[in-house]
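Student: I am new to this structure. Can you show me how to read it, feature by feature?

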Amino acid sequence: MYLLTAIACRAHLRVCKHLRMTIASGSVLSARHCAQAGHARNTLRWDLSPDEIRTMTDSLIARVKKVYDDVGSLNIENVSVENTLMTLANAKMDYASSHHVLAFPQYVCPSKELRSASTEADKRLSELDVEINMREDVFKRITALQNKQKDNLSAEEKRFLDRLVTLGQRKGLHLSKDIQEEIKRTSKLISELSIEFNKNLNEESKFLIFSEHELGGLAATFLSGLDKTAEGRYKVTLEYPHYYPLMKRCHNPETRRKMEMAFNSRCKEVNTAILEELIQLRAKVARLLGYGSHAEYVLEINMAKNASNVSDFLDKFHEALKPVGIKERKYILALKKRECLMKGYQFDEKINAWDLPYYMNQVEQRKFAVDKDKLIEYFPLDVVTEGLFGIYQELLGLTFTEVEQADVWHENVKLYSALDTETGEEIGQFYLDLHPREGKYGHAGCFGLQPGCRGPDGKRRLPVAAMAANFTKPRKDCPSLLQHHKVETYFHEFGHVMHEICSNTAFSEFSGTMVETDFVEVPSQMLENWVWEKEPLRRMSRHYKDGTPIPDELLDKLIASRVANTGLMNLRQVVLSKVDQSLHTSPRADTAEVFAKHCQDILGIPATPGTNMTASFSHLAGGYDGQYYSYLWSEVYSMDIFFSRFKKEGIMNPKVGKEYRRVILEAGGSVDGMDMVKTFLGRAPCQDAFFQCKGLVNSQEASM
């Protein structure tokens, strides 16, 4: 993406959200069970061989099928909470566990052979997932239990049972056998194609070669981190740590054009074909189930409920942001004209895709005088991590300790234990995998590895999560240094980690981030606010050479720059959301054409001819199909939570932080997102805080 907001570039695939693992008794991993702090605890193995992955996959398929066969063969009059609901709950926890132990290596494992074996296992198990969710015999037992047990269930048990019935209906299990089989076949193909789409992106390894002159404007520290050819020219990959600095800083427009063209042509041929087939297949399934479109199907169980509400939401945003966007484009065009005159470039009287990040960066420098070359020196990764840990621990009442000699998948990975500060009880563990390497997941994301829910023995399972990122690697003469937007990314993804490990639910179906898609970003977006406040910024920064704090003047300019380019940044989110909705309210689409149309109509800047950004828009094949609007939607809630509670009562107020942990994080998806927000705010949420934060004075208070 040639312009990606801090929020959008999280791009943690929806599949990441579901990568949560629990090793139940009899697990394929032969986990070592032990009791610690009253929890059922497991040791996860990361030294699997390709053969082990294949064997484990076979074992898992057989084991899960047997459980579903047993439930499906029950006498329908004899169904009970224990032999049906709890049996399925335990099977789902075991299935999710083993599935994602096998699927996770494809994102982080250094070995291509292991990544391929993991991808293949993921495909096979995704097919199994489709199959077990299409078991009509099991669905009939669940429905019978729902009719039988109306008043004898706890609130979460009733929610789980109702969820199973709803999901069965959404798979067409109440329809004819012919239609069920067609849905099953199509759903399996959708799953396979989605995995293939993201595998293509993960394996993308192209790079461009430029001379030093062609990279004019880039910092010496950036150039020194690039590999060189035998002729002394620089290799620039299409990965984020190379792409974004070049697009923002290189003053050679031809270099930016080549980079933007290559970046938005990644996997263009193969993934365009996959995506356009996915759109048709999704529309087909929705039609078979009686929905008007795929968007209507996926939105039914979200906070938004239907495509009309999403359209209205996005249209209101567009109207509010349109005048700001026009003003910002005029200013950028004037900057471009001036620079072209000064440097002797031909002025084409328009803003191109490869101009936008470059001149938006100049807007920050000119209007807010933020010296990013200087600022980055105050954010060494170790210092940011220390500050981030301290802030999260203080707010949420936690204590983090590194686990020594932990079993990890790469030498740069670290494992931490999280304890409740008051009780000393271990509540979860998390891994940090923060630097890029070949074949690794190319974005920043949180992977839930084990749910914080009740196991078959009645004890809470110790939740485990992993954060993967691609922050610059340290060098002999310089530590890993983060641009401020990367610090924001760190805070965001770590917010997801906290959501995972603070989870305390009865069922794995509701653990951690297993909430409505348009609510899943709320907790992590809310916690981004700390990187725009003076006290937290001081705690997570100091100069990498002498340890001095950020000068007040630079700090004040940074905080003020939060409203820089607010129109264009958020209009870009509207574009992506509208593209997603357009693709998934149609039976078929020319994806490049749809993207180009919305870029021009909403952003006012044309997509580069010959490119197709949607071919690398991983959200569309990673679980955000029809739901990308949720980034903007959830940001509205996150801003209301922050400004109405933390900003008013103290951004480091542990009382508010612990209430937030209890009401929002521990509950996971066991409560509706809207109900959680209302409980925490003491009222219905509104949009006012969002527009105020974005510097839009004429904000309109509107109930959600």
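Tutor: Start with one term. Contact means heavy atoms within 4.5 Å. Now take Leu620, in the loop between helix H23 (591-603) and helix H24 (630-649). Setting aside residues up to four places away in sequence, Leu620 touches Leu275, Arg282, Asp580, Leu583, His584, Thr614 and Asp625. Keep in mind that this is a predicted model.

Student: Is Leu620 buried or exposed?

Tutor: Buried means under 20% relative accessible area. Leu620 has 0% relative accessibility, so it counts as buried.

Student: How far is Leu620 from Met259 in space?

Tutor: Their C-alpha atoms are separated by 23 Å, and along the chain they are 361 residues apart.

Student: The model is predicted. What is the mean pLDDT of the protein?

Tutor: pLDDT is the predictor's confidence in each residue, from 0 to 100. Here the mean is 90, and 93% of the residues reach 70 or more. Residues 1-40 have a pLDDT below 50. Beyond near neighbours in sequence, that stretch has 182 contacts in the model. Residues 699-704 also stay under 50. For them the model has 18 contacts beyond four places in sequence.

Student: Let us turn to the interior. Which residues touch the most other members of the largest nonpolar core?

Tutor: A nonpolar core joins buried nonpolar residues through side-chain atoms within 4.5 Å. The largest one here has 176 residues. Phe430, Tyr490, Phe494, Met498, Trp530, Phe646 and Tyr660 touch the most other members. Take Phe494 as a case. Not counting residues up to four places away in sequence, Phe494 touches Leu388, Phe389, Tyr392, Phe400, Phe430, Leu432 and Met467. Another core, of 19 residues, lies apart from the largest one. Leu223, Val236, Tyr243 and Tyr244 are among its members.

Student: Where is Leu215 found?

Tutor: Look in the loop between strand E3 (207-210) and helix H9 (220-224). Leu215 counts as buried because its relative accessibility is 1%. Beyond four places in sequence, Leu215 is in contact with Phe210, Leu223, Leu226, Tyr234, Val236, Leu246, Cys250 and Thr255. Leu215 and Trp409 are 194 residues apart in sequence. In space they are 35 Å apart, C-alpha to C-alpha.

Student: What does Glu214 contact, leaving aside its neighbours within four places in sequence?

Tutor: Glu214 is also in the loop between E3 and H9. Its contacts are Ile209, Arg233, Cys250, Asn252, Thr255 and Lys258. Glu214 and Glu254 are 40 residues apart along the chain, with C-alpha atoms separated by 8.2 Å.

Student: Now a helix. Where does Thr84 lie?

Tutor: Thr84 lies in helix H3 (residues 81-103). Its relative accessible area is 0%, so Thr84 is buried. Leaving aside neighbours within four places in sequence, its contacts are Val71, Leu74, Val79, Arg141 and Leu145.

Student: What about Asn570: buried or exposed?

Tutor: Asn570 counts as buried, because its relative accessibility is 6%. The residue lies in helix H22. Not counting residues up to four places away in sequence, Asn570 touches Leu321, Leu632, Glu635, Phe690 and Lys694.

Student: Next, backbone angles. What is the phi of Cys267?

Tutor: First the general idea. Most residues other than glycine have a negative phi. Cys267 has a positive phi, near 55°. Its place is in the loop between helix H11 (253-263) and helix H12 (268-288). Cys267 counts as buried, at 11% relative accessibility. Asn565 also has a positive phi, near 60°. Asn565 is in the loop between helix H21 (552-560) and helix H22 (566-584). With a relative accessible area of 5%, Asn565 is buried.

Student: Last, the empty spaces. How many cavities of 30 Å³ or more are there?

Tutor: A cavity is a space where a 1.4 Å probe fits but cannot get out. The count comes to five cavities of 30 Å³ or more. The second largest has a volume of about 80 Å³. Ten residues line the second largest cavity, and Tyr240, His443, Ala444, Asn470 and Lys486 are the closest to its centre.

Student: Which helices each supply at least two residues of that lining?

Tutor: Helix H10 (240-249) and helix H18 (484-501) do. By type, the lining of the second largest cavity has five nonpolar residues, four polar and one charged.

Key: Residues numbered from 1 in each chain as written. Heavy atoms only, no water. 1 Å grid on protein atoms, 1.4 Å probe; cavity = no way out; pocket = protein on both sides within 12 Å on 5 of 7 lines; lining within 4 Å. Points joined across faces, edges and corners; volume = space filled by probe spheres on them. Helix = DSSP H or I, 4+ residues; strand = E, 2+ residues; numbered from the N terminus. Nonpolar A, V, L, I, M, F, W, Y, C, P; charged D, E, K, R; others polar. Buried < 20%, exposed > 50% of the residue type's maximum accessible area, 1.4 Å probe, protein only.
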